[in-house]
Amino acid sequence: MTDDIAIRVDGLTHRYGRRVIHHNLSFDVHRGGIFGLLGKNGVGKTTLIKLLMGFLRPSAGRCSVLGAPSHALPPDTRRRIGLVFEGHLAYEFMTIRQTERFFSGFYPAWRGDVFHDLIERLGLSPDHRIGRMSEGQRSQVVLAVVMAQDPELLILDDYTMGLDAGYRRLFLDYLVHYARQGGKTVLVTSHVVQDMERLVDEVIFLRRGGEVLATSLSAFMGDFRHYRLPPTPGAPPPAADGVLHNVEAAPDGTLMVYAFHGPERVAQALGAQGQRVAGLTACPMSLEDAFVGYTGTY
Ligand SMILES: Nc1ncnc2c1ncn2[C@@H]1O[C@H](COP(=O)(O)OP(=O)(O)OP(=O)(O)O)[C@@H](O)[C@H]1O
């Protein structure tokens with residue numbers, strides 16, 4: 001493994017019983033960027049993080065994190081990884097002060113300034129118990145604990161739990177600042193796709209059936225296109241093919257066409273399926289539109 005790779009996933013297959021969640025998945029996460037792991041509910045994002053951290057063993061293939069194999073991550077490597085996983089890291093019986101005392105002992109590079117800066121915004125006494133906090137306040141404590149570890153690799157699985165929009169924005173700014181310090185890597189999953197658009201450099205899309213697309217956000221947003229087309233009376237709805245990535249009908253019947261191709265290729269493919277293409281129009285997209293177009297509405 002080369003030094004500039006923070007995470008390597010190589011031919012990874014994972015099954016729960018007979019159900020295949022990941023099939024022959026391969027991608028690299030390079031150091032020094034913010035990577036968004038995106039996919040619908042149940043596609044396997046948390047499972048992938050469990051595999052990376054060695055909490056699960058894959059059915060086949062390998063993955064490694066910071067140069068060490070996931071199934072045998074040494075404690076020293078684990079200490080260099082900040083993990084927010086299912087939101088729970090804080091012990092309910094502890095106060096804020098005790099939480100800091102407890103966690104700071106494990107991390108030689110503990111950043112008390114970062115912890116206090118983030119915690120101050122809660123406006124709670126240091127003697128406030130975690131168990132007596134709202135869900136969003138608890139998430140803020142968890143994020144402060146993880147950021148204060150000053151990890152080399154930060155893995156955030158759905159960190160937005162219960163956070164209000166203001167704190168989410170503040171935390172995103174923190175994350176960007178953290179990632180730009182050099183050599184820091186962030187892998188983040190979130191269902192708030194519009195946040196990802198402001199945050200990530202690279203996207204990794206997981207789709208059901210094990211397909212993966214790992215690319216830069218700018219390449220994806222540049223290459224993936226959205227078109228609208230009024231339906232052709234009497235013609236069956238067009239199906240996805242080698243050119244048309246996804247075709248869906250809006251409630252008024254308008255065809256929503258998604259493709260990695262320009263209008264000529266798309267018109268040709270639609271025409272070959274019996275559509276009248278005179279009304280084909282390209283539409284601008286946000287990352288959320290592109291996410292839905294790429295992964296499909298249900
Ligand atoms: N321990 C388990 N045993 C069997 N099936 C499981 C287990 N854990 C998860 N699954 C199934 O594996 C699939 C992937 O789950 P996972 O939690 O990785 O999805 P996810 O992409 O993180 O979803 P979400 O966006 O909803 O958080 C789901 O269909 C889930 O039902």
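## A look at the core, helix H9 and the ligand shell

Leu143 touches Val84, Leu118, Tyr159 and Phe171, leaving aside residues up to four places away in sequence. This is a predicted model, so take what follows in that light.

Leu143 also turns up in the largest nonpolar core, which has 70 residues. Along with Ala144, Val186 and Val257, Leu143 is one of the residues with the most contacts inside that core. As for helices and strands, helix H5 (residues 135–148) gives the most to this core, with eight residues.

Now for helix H9. Which residues of H9 are buried? In this helix (residues 263–272), they are Val266, Ala269 and Leu270. They sit on the same side of H9, because they cover an arc of only 100° around the axis. Turn to the other side of H9 and you find Glu264, Gln268 and Ala272, which are exposed. The cover over the buried residues of H9 includes three strands, E11, E12 and E13:

| Strand | Residues |
|---|---|
| E11 | 225–229 |
| E12 | 244–249 |
| E13 | 255–259 |

After H9 comes Gly274, with a positive phi near 85°.

Last, the ligand. Which residues are around the ligand? They are Tyr16, Ile21, Gly39, Asn41, Gly42, Val43, Gly44, Lys45, Thr46 and Thr47. By type, this shell divides into three nonpolar residues, six polar and one charged. Helix H1 (residues 45–52) gives the most to the shell, with three residues.

Methods
Residues numbered from 1 in each chain as written. Predicted model: local features only at pLDDT ≥ 70, side-chain atom pairs only at ≥ 80, totals over all residues. Near = placed C-beta within 6 Å. Helix = DSSP H or I, 4+ residues; strand = E, 2+ residues; numbered from the N terminus. Nonpolar A, V, L, I, M, F, W, Y, C, P; charged D, E, K, R; others polar. Buried ≥ 20, exposed ≤ 12 C-beta atoms within 10 Å, placed from the backbone. Arc of directions from axis to C-beta. Contact = placed C-beta atoms within 7 Å. Core = buried A, V, L, I, M, F, W, Y, C linked by C-beta atoms within 7 Å.
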